[in-house]
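Visitor: I'd like a close look at one part of this protein: its aromatic rings and the company they keep. Could you walk me through it?

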Amino acid sequence: MPPKKAAAAEKKVLLGRPSNNLKIGIVGLPNVGKSSFFNVLSDTDLGKAANFPYATINPEEARIPVPDTRFEWLCDLYKPASRVPAFLTCIDIAGLTAGASTGAGLGNSFLSHVRAVDGIFQVVRAFDDAEVIHVEGDVDPLRDMEIIQTELRLKDIEWVEKHLDGLKRTGRSLGNNSLADKAKKEEIGTVEKVLKTLTVDNKDVRKGEWTNKEIEVVNSLTLLTAKPITYLVNLSEKDYIRKKNKWLAKIKGWIDVHNPGDPLIPFSVALEERLAQLPEDERAEAQKEPGAQSALGKITQAGYSSLDLIRYFTCGPDEVRAWTIRKGTKAPQAGRSDFENKFVCGEIMTYEDLKEHGSETAVKAAGKLRQQGKPYEMIDGDIAYWKSG
């Protein structure tokens with residue numbers, strides 16, 4: 001008798017909103033360089049960069065092209081009339097201060113804006129500048145990171161306690177027989193576990209251990225500490241170029257203790273602003289100096305990856321387009337909103353196969369063009385030709 005096949009591992013449900021249109025918010029205390037960073041990242045002056053707290057009140061939004069050598073190569077191959085790269089939607093959010101969870105400063109408004117995004121760029125100030133005031137009086141990135149973590153957790157605790165109270169009030173009459181009652185009891189158990197993670201374990205929700213069923217409940221709560229964080233440490237231009245700063249090792253140590261695994265990227269708004277003012281040829285030349293390379297591309301890609309986003313391509317003489325989708329997206333959900341109902345199948349090849357063989361015809365001749373149906377899960381770097389009714 002042939003041995004039984006091992007059961008396929010259960011596919012992990014992702015934390016966060018199940019969507020291909022995800023956004024990342026720039027978060028930090030006032031005057032750490034958030035709006036200036038947003039301006040150079042988006043190549044605009046939408047963010048109100050000003051030397052006083054709450055210069056940004058309404059969050060500004062920009063779509064940032066994600067650098068991708070594959071996309072550039074495909075454009076060189078197809079020479080299309082239109083080029084559409086992948087984008088990361090980025091939002092500049094007002095500065096947070098201690099007490100935001102209880103409404104201090106612009107606290108309630110700030111936290112509602114954080115709740116509306118899917119991931120966080122947390123800008124941490126590690127530069128001294130007497131002309132740029134610090135809302136807490138002096139530069140201390142560890143204190144600043146502690147303030148933000150505390151405020152986000154406190155708001156989550158308040159939110160979860162309120163939700164749990166409502167569930168328990170309606171759950172007093174629950175029995176043990178119906179599936180609906182059992183599901184409601186499981187939901188209460190999960191919300192209690194979330195509260196324990198925040199209060200007893202003293203962890204952000206994204207650092208907890210969750211089953212797929214629990215993640216569905218966690219996602220319904222839209223918690224602030226469930227969102228992925230990328231720490232961006234804003235250095236002086238001098239420190240960034242020489243790759244030395246008295247705070248960097250301490251910041252890394254704080255992340256390792258409090259939120260292990262979260263990425264840290266040092267950068268310098270001052271350098272990025274100087275580069276942004278140069279003509280393109282001079283900008284390229286300036287970045288040849290040791291240590292003077294822009295970090296914006298690296299930051300954009302890190303934000304994109306933190307949201308579990310991948311991209312596939314559609315190619316032809318009219319258009320080469322990079323489509324942003326979430327990991328695990330099936331083929332019918334990978335196109336435009338009206339695409340799913342009309343989906344028939346897709347002809348798929350990998351970017352690597354096209355690059356190796358040099359043309360679609362050669363890929364087809366090598367037997368590397370595959371026809372995929374509705375169950376197919378898209379892979380980063382796929383090149384797709386859709387057939388729809």
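Visitor: To start, how many aromatic pairs does a search of the whole structure find?

Guide: Keep in mind that this is a predicted model. Searching the whole structure turns up 7 aromatic pairs. Let's begin with F37 and F121, which meet edge-to-face, with 6.1 Å from centre to centre and 75° between the planes. That pair links distant parts of the chain: F37 is in helix α1 (residues 34-42), F121 is in strand β5 (residues 119-125), and 84 residues separate them. Both of these phenylalanines, F37 and F121, are buried.

They also turn up in the core. The largest nonpolar core has 71 residues, and F37, L74 and F121 are the ones that touch the most other members. A second core, separate from that one, has 17 residues, V160, I188, V194 and L198 among them. As background, nonpolar side chains in soluble globular proteins tend to be buried together.

Stay with F121 for a moment. If you skip neighbours within four places in sequence, F121 is in contact with I24, G25, I26 and V27, among others. Its contacts also include F37, L88 and C90, then T230 and L232, and finally I299 and G303.

Now for another pair: Y231 and W254 are edge-to-face too, at 6.3 Å centre to centre with 75° between the planes. Y231 lies in strand β6 (residues 229-234) and W254 in helix α8 (residues 248-258), so this pair ties together parts 23 residues apart in sequence. Y231 and W254 are both buried.

Elsewhere, ring pairs join Y312, W323, F343 and W386 into a cluster. One of those rings has a charged visitor: R321 has its charged end over the ring of W323, 4.9 Å from the centre. You'll find another such arrangement at W159, where the charged end of R115 sits over the ring, 3.8 Å from its centre.

To put all this in its setting, the protein has 13 helices and 12 strands. Of its 389 residues, 47% are buried. Take the contacts between residues at least 6 apart in sequence: 71% of them join residues at least 24 apart. And if you're curious about the outside, the accessible surface comes to about 19,600 Å², with 53% of that belonging to carbon and sulfur atoms.

How values were computed:
Residues numbered from 1 in each chain as written. Predicted model: local features only at pLDDT ≥ 70, side-chain atom pairs only at ≥ 80, totals over all residues. Heavy atoms only, no water. Core = buried A, V, L, I, M, F, W, Y, C linked by side-chain atoms within 4.5 Å. Buried < 20%, exposed > 50% of the residue type's maximum accessible area, 1.4 Å probe, protein only. Contact = heavy atoms within 4.5 Å. Helix = DSSP H or I, 4+ residues; strand = E, 2+ residues; numbered from the N terminus. Areas by Shrake-Rupley, 256 points an atom, 1.4 Å probe, with all protein chains shown as cover. Phe/Tyr/Trp six-rings, centres within 6.5 Å; stacked < 30°, edge-to-face > 60°. Lys NZ or Arg CZ within 6 Å of the ring centre and 35° of its normal.
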